[in-house]
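Colleague: I have just opened this one and would like to go through its charged side chains with you. Could you walk me through them?

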Amino acid sequence: MRLIRPLSLALAGLFALSACATPSQDPPPAGDSADGFAAPPPPPAMDEAGTNEDAVMTCDAKAGQWAVGNVADEALVAKVKADTQSDRVRVIKPGMMVTMDYREDRVNLDVDEDNKVLTVRCG
């Protein structure tokens, strides 16, 4: 019994020291830089006109201004999304918490208590 306690302490000490061991000095895999981060991806391919074929959709709020004063039902929201050429749409109700990040591919519909559209804006 007297041997168990010192042996347990010795094993705990060895485990603690093994955590301090230096990592392996193997070279990073191909494509990784020395700092451990992957190399950046190549730029997207361009078509003949010099534009990106996979370009992110951008919002055009002017095209959705017709919705102001109308009730924001599913059909109206889908039409505003299509008309403004947005990838995302967000209906913001009074007092609703929303993120403040700006997304050029998102259209925001601010509505009142009756779900009538007050403003159509990008972001």
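**Salt bridges in the model**

Modeller: Gladly, and please keep in mind that this is a predicted model. Let us begin with Asp101, which forms a salt bridge with Arg106, their closest N and O atoms being 3.3 Å apart.

Colleague: Is Arg106 buried or exposed?

Modeller: Arg106 is buried, with a relative accessible area of 8%, whereas Asp101 counts as partly exposed at 39% relative accessibility.

Colleague: OK, and how many salt bridges are there by this rule?

Modeller: The count comes to five salt bridges. Another of them brings together the side chains of Arg121 and Asp110, with 2.8 Å from N to O.

Colleague: Where do Arg121 and Asp110 lie in the chain?

Modeller: Arg121 belongs to strand β3 (residues 117-122) and Asp110 to strand β2 (residues 106-111), so that the pair, eleven residues apart, links distant parts of the chain. Asp110 is buried, at 16% relative accessible area, while Arg121 is partly exposed, at 35%.

Colleague: Which residues are joined into one network by salt bridges that share partners?

Modeller: Those are Arg88, Arg103 and Asp105.

Colleague: Switching to the helix, what does Lys79 pair with?

Modeller: Lys79 forms a salt bridge with Asp83, and their closest N and O atoms are 3.2 Å apart. Both residues sit in helix α2 (residues 74-83), and because they are four residues apart there, about one helical turn separates them.

Colleague: And how accessible is Lys79?

Modeller: Lys79 counts as partly exposed, with 44% relative accessibility, and Asp83 is also classed as partly exposed, with 27%.

Key
Residues are numbered from 1 along each chain as its sequence is written. This is a predicted model: local features need pLDDT of at least 70, side-chain atom pairs count only at pLDDT 80 or more; totals for chains, interfaces and linings use all residues. Side-chain values use heavy atoms; hydrogens and water are left out. A salt bridge is a side-chain nitrogen of Lys or Arg within 4 Å of a carboxyl oxygen of Asp or Glu. Helices (H or I, at least four residues) and strands (E, at least two) are DSSP runs, numbered from the N terminus. Buried means under 20% relative accessible area, exposed over 50%, partly exposed in between (1.4 Å probe, protein chains only).
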